Amino acid sequence: MMHKLTQCFMQMLCAICLLTCLSACQPDPIERPLFDGNNAFREVERLVAFSPRDAGTPGGHAAAQHIATRLEKLGLSVEIDSFTDTTPEGPKAMMNVLAYLPGRSGDAVILGSHFDTMPGIPDFEGANDSGSSTGVLLELARVLKDQPLQHEIILAFFDGEEGIANFIPGDGLHGSRHYASRLVKEGQLERYRAMILLDMIGDQNLTFTVPANSDPALLKSLIKAARKLNVVEKIMLRPDINIIDDHVPFLAIDIPAIDLIDFHFGSDEMLNDYWHTEEDSLDKLSVESLKISGDITLEMLADLGVFIDL
């Protein structure tokens, strides 16, 4: 009897040792690097050095090359998609910059920003419109580059967003319309789970002015993210307005899309008097606002099932 008890004890001890060994051999969970608002601000500073960067101009082309270089330094697969589009001022040669972070499922999520500036404004930096969103996307590229992803992430930096003739047919949204048309030609639209657009998200008094023409499911995801981060007060729903922005071409081809835009950019929280003026400068931006925008985007990606938990 004593022999059997000893044998039983030894078996239990071996089992405990084996479980301990297996537990010790498991890899630690991969943690995402934290989004750094200061890094995002520095990316905005670098981009603003290319000002003005109007679509179809040497400054715009140089800005596109700069963005591509920043992404390549992170080790990402990068494409410059050059195209010519008709504008109210005639044909212009433009450049979208696309970066790809592969996923396992075959599905994809698009994160978008435009980088061009509104023409005809003296001393225009475009620090918030379009520097802030571009800086956040570049910092997101750093955060996401080494993460195991369930769904592919496509970082899309659009040229030619600005409308120069009040968005008459063929005016503005050139880069996003071109890319959406390309996706239609490539087929498999069903694999694109979402398009999240960032625009003017660096204001010191950050308020996401979410327009009616945003996907309802993504709106719920945004609110969920804001609650988790305790920044619900930063969300202002505007069911009374539609905003013409780079998310519109994706809605038109049935890709769920949302516009995360702060359309109250001015000297008072309810005004927009800095928009498209020389007042849109680096001193109007907030590192905290850039970080909130980046963190909300990451939470929305998590809600979309982008990340693999190891």
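Helices α4 and α8 meet through S132, V136, L140, V143 and L144 on the α4 side and L290, S293, G294, T297, L298 and L301 on the α8 side. That contact splits into seven nonpolar residues, four polar ones and no charged ones. This is a predicted model, and its chain has eight helices and eight strands. The points below start with this helix pair, follow the packing back to α3 and α2, and then turn to some single residues and the chain as a whole.

**How α4 sits against α8**

- Helix α4 covers residues 127-144 and helix α8 covers residues 287-303.
- Their axes come within 10 Å of each other and cross at roughly 55°.
- An angle between 35 and 65 degrees is neither roughly parallel nor roughly perpendicular, so α4 and α8 count as oblique to each other.
- If you're checking the hand of the crossing of α4 and α8, it is right-handed.

**How α3 sits against α4**

- Helix α4 also packs with helix α3, which is made of residues 58-73.
- Here the angle is about 20°, with the axes 10 Å apart.
- Angles under 35 degrees count as roughly parallel, and α3 and α4 are therefore roughly parallel to each other.
- The crossing of α3 and α4 is right-handed.
- To find the contact in the model, look for I67, R70 and L71 in α3, which meet T134, L138 and A141 in α4.
- Sorted by class, the residues of this α3 and α4 contact are four nonpolar, one polar and one charged.

**How α2 sits against α3**

- Going one helix further back, α2 (residues 37-48) has an axis that comes within 10 Å of the α3 axis, and the two cross at roughly 145°.
- The crossing of α2 and α3 is right-handed.
- On the α2 side the contact is made by E43, R46 and L47, and on the α3 side by A63, H66, I67 and R70.
- The class count for α2 with α3 is three nonpolar, one polar and three charged residues.
- I67 and R70 are worth picking out, as they take part in the α3 contact with α4 and also in the α3 contact with α2.

**H66, a residue of α3**

- H66 belongs to helix α3.
- Is H66 buried or exposed? Its relative accessible area is 13%, and the cut-off for buried is under 20%, so H66 counts as buried.
- Setting aside neighbours within four places in sequence, H66 is in contact with R46, L47 and F50.

**E125, in the loop before α4**

- E125 is in the loop between β3 (108-114) and α4.
- With 26% relative accessibility, E125 counts as partly exposed.
- Which residues does E125 touch, leaving aside its neighbours within four places in sequence? They are V48, S51, R53, T117, D280, S281 and L282.
- One of these partners is a long way off along the chain: E125 and S281 are 156 residues apart in sequence, yet 5.6 Å apart in space from C-alpha to C-alpha.

**Backbone details to look out for**

- Most residues other than glycine have a negative phi, and most peptide bonds are trans.
- S51 and P52 are joined by a cis peptide bond, with omega about -5°.
- P52 is in the loop between α2 and α3.
- Q188 isn't a glycine, but its phi is positive, at about 60°.
- You'll find Q188 in the loop between α5 (174-186) and β5 (192-199), and at 54% relative accessibility it counts as exposed.
- N230 is another residue other than glycine with a positive phi, near 60°.
- The loop that holds N230 runs between α6 (216-228) and β7 (235-238).
- N230 has 63% relative accessibility and counts as exposed.

**The chain as a whole**

- The C-alpha atoms fill a box of roughly 95 × 45 × 35 Å along the principal axes.
- The chain has 310 residues, and 52% of them count as buried.
- Among contacts with a separation of 6 or more, 78% are between residues 24 or more positions apart.
- The accessible surface comes to about 14300 Å², and 56% of that belongs to carbon and sulfur atoms.

Technical notes
Residues are numbered from 1 along each chain as its sequence is written. This is a predicted model: local features need pLDDT of at least 70, side-chain atom pairs count only at pLDDT 80 or more; totals for chains, interfaces and linings use all residues. Side-chain values use heavy atoms; hydrogens and water are left out. Axes are lines fitted to C-alpha atoms, for helices over the stretch in contact, and angles run from 0 to 180 degrees between N-to-C directions. Helices (H or I, at least four residues) and strands (E, at least two) are DSSP runs, numbered from the N terminus. Angles under 35 degrees count as roughly parallel, over 145 as roughly antiparallel, 65 to 115 as roughly perpendicular and the rest as oblique. A crossing is left-handed if the near helix is turned anticlockwise from the far one by less than a right angle, and right-handed if clockwise. Contact means heavy atoms within 4.5 Å. Ala, Val, Leu, Ile, Met, Phe, Trp, Tyr, Cys and Pro count as nonpolar, Asp, Glu, Lys and Arg as charged, and the others, Gly among them, as polar. Buried means under 20% relative accessible area, exposed over 50%, partly exposed in between (1.4 Å probe, protein chains only). Accessible areas come from the Shrake-Rupley method with a 1.4 Å probe; for residues, only the protein chains shown count as cover.
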